[in-house]
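Please open the structure in your viewer and keep the sequence beside it. The tour begins with the whole chain and then moves to two places to select.

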Amino acid sequence: MITKKAAHPVAKPVVLIAEELSPATLEALGPDFEVRHCDGANRAELLSALAAGVDAVLIRSATKMDAEAIAAAKGLKVIARAGVGLDNVDIPASTAAGVMVVNAPTSNIVSAAELAIALILASARFVSPAHAALRNGKWARSKYTGAELFEKTLGIVGFGRIGQLVAHRMQAFGMNVVAYDPYLQPARAAQLGVTLMELDDLLAASDFITIHLPKTKETANLIGVEALKKVKPSVRIINAARGGVLDEAALFDAITEGRVAGAGLDVFATEPCTDSPLFTLDQVVATPHLGASTDEAQERAGIAVAVSVRKALAGELVPDAVNVKGGAIHEEIRPSLPLVEKMAQIATGLAGELPVSMEIAVRGDISGHDSSVLAISALKGALTAIGSEDVTYVNAPGIAAERGITSSVSTDAESPEYRSMISLHCSLSNGKSVKVDGTLMGIRKVEKIIAVDQFDLDLPPTENMLFLRYSDRPGIVGAVGNILGTAKINIAGMQVSRDSAGGEALMAITVDSSVSDELIAAVAKETGAGSVRSVTLVN
């Protein structure tokens with residue numbers, strides 16, 4: 001039996017809110033945390049608050065969680081960015097320190113799409129300069145003749161979630177939508193009524209171009225001097241994605257030379273930006289990075305990261321974590337995460353020691369999805385079984401590496417007996433091994449242990465379990481039941497599996513309370529079992 005440390009009352013985890021977040025964020029956190037506040041933009045105040053000891057910090061864009069801040073925050077487990085961009089978080093330093101970084105990648109997609117559309121309309125109809133002229137007492141109707149969107153071609157550069165939202169909405173204006181995205185399948189674009197094009201073809205065909213790409217080495221100044229030589233002189237270009245994808249100097253030259261009709265800009269290569277030459281042009285409408293600045297987006301972001309913080313501090317995998325191997329988890333794989341953790345706890349408990357390596361074989365229907373994250377599930381389960389504290393999906397690989405433990409995942413489309421199943425093979429330091437098989441049954445995906453080594457079972461993994469390996473003979477079931485009954489330990493279920501009559505047998509018992517070392521010794525003495533192991537699962 002692997003001894004667990006006794007539980008002691010602990011203080012509530014501390015969550016530091018470093019910037020103003022919506023009240024819904026606090027509601028989503030719930031009452032299980034001590035919430036502190038600081039001004040994250042004030043460096044000294046931030047470092048002092050972090051040094052005081054916090055489990056999680058919630059930020060927006062003004063707080064810089066760099067290597068210095070992360071080093072100051074001893075015990076920090078989670079950095080949560082209530083938004084999409086992570087320019088103000090040092091991801092490598094966070095990962096090295098075992099700190100999970102989460103954001104809210106879908107919180108602002110509607111707001112960002114709507115702002116891009118607003119800029120398209122404002123650019124087409126000179127809304128900004130016409131409004132400014134009217135406020136200055138000028139009725140300049142003839143000066144600001146615009147262009148309709150109806151039956152025009154909208155080119156979307158980057159056809160991800162935001163680009164697709166823009167496409168759907170602009171089709172309602174009667175626009176023909178084309179897109180450039182080297183990672184999108186043409187069939188998906190066709191489903192949305194959009195034609196995929198190479199970038200040069202899109203530039204030449206479009207009356208309006210809207211950019212929806214992240215800034216990377218590959219996309220920096222993608223729409224630059226050469227690209228702007230290929231567009232129609234009547235084109236209007238919108239950038240509400242990331243500054244630096246559109247070359248602002250090249251855009252200024254193209255507009256002033258009459259090669260581009262106008263632009264709508266929400267993002268800039270350097271921010272804050274208040275003195276761009278583009279702001280002097282009537283053909284340009286600009287806003288100060290307002291893409292995510294709606295009450296709805298801020299509330300969604302706050303709620304999303306609050307939920308992620310709760311999951312992370314509970315040791316669960318967080319789908320929106322950006323520095324956890326495996327990234328987004330497919331919905332068909334996600335239910336297998338806790339199952340594999342429990343399988344690893346059972347295998348480690350049966351072994352009586354930490355495995356030196358674990359091989360996870362994913363078979364059947366689910367084998368077609370990326371299941372690499374299950375390697376971390378197994379590590380987390382094994383480390384939890386030996387009493388390691390505060391094991392998370394971020395730090396489990398690092399802790400395992402320190403202990404010399406490895407894990408790997410393989411897949412096989414064939415699964416003769418079950419639609420899907422997972423096998424966990426653990427190699428031990430003495431050259432022996434333990435194998436545990438599991439599956440998820442039915443629509444409700446009920447967890448079942450279906451085999452231990454060569455013994456078939458149909459066992460729901462419960463908090464307290466007892467396993468016996470012994471030579472099959474009459475009286476063993478009664479003897480075990482009598483010992484547990486005398487100790488007032490209720491048996492919830494019992495299964496016996498054997499390789500042959502009178503051969504080796506495995507008894508698996510689920511009980512309502514833990515089994516002490518003294519009882520284990522009594523069972524072993526009474527039954528002559530070669531191995532008696534109590535396993536207590538930790539959620």
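With the whole protein chain in view, its secondary structure comes to 16 helices and 22 strands, where helices (H or I, at least four residues) and strands (E, at least two) are DSSP runs numbered from the N terminus. This is a predicted model, in which local features need pLDDT of at least 70 and side-chain atom pairs count only at pLDDT 80 or more, while totals for chains, interfaces and linings use all residues. Residues are numbered from 1 along each chain as its sequence is written, and side-chain values use heavy atoms, with hydrogens and water left out.

Along the principal axes, the C-alpha atoms of the protein chain fill a box of roughly 100 × 55 × 35 Å. Of the 539 residues in the protein chain, 49% are buried (under 20% relative accessible area, with a 1.4 Å probe and protein chains only).

Next, select strand β1, residues 14-17. Val14 and Leu16 on one side, and Val15 and Ile17 on the other, are all buried, and both faces of the strand are thus covered. Now add strand β2, residues 34-37, which runs parallel to β1 and is joined to β1 by 4 bridges (strands pair if DSSP finds at least two bridges between them); here Ile17 stands opposite His37.

Finally, select helix α15 (residues 476-486) and helix α16 (residues 517-527), whose axes, lines fitted to C-alpha atoms over the stretch in contact, come within 10 Å and cross at roughly 155 degrees. The two helices α15 and α16 are therefore roughly antiparallel to each other (an angle over 145 degrees). Their contact (heavy atoms within 4.5 Å) involves residues including Ile476 and Ile483 of α15 and Leu519 and Glu526 of α16.

Definitions and conventions: Axes fitted to C-alpha atoms, helices over the stretch in contact; angles between N-to-C directions. Parallel < 35°, antiparallel > 145°, perpendicular 65-115°, else oblique. Buried < 20%, exposed > 50% of the residue type's maximum accessible area, 1.4 Å probe, protein only.
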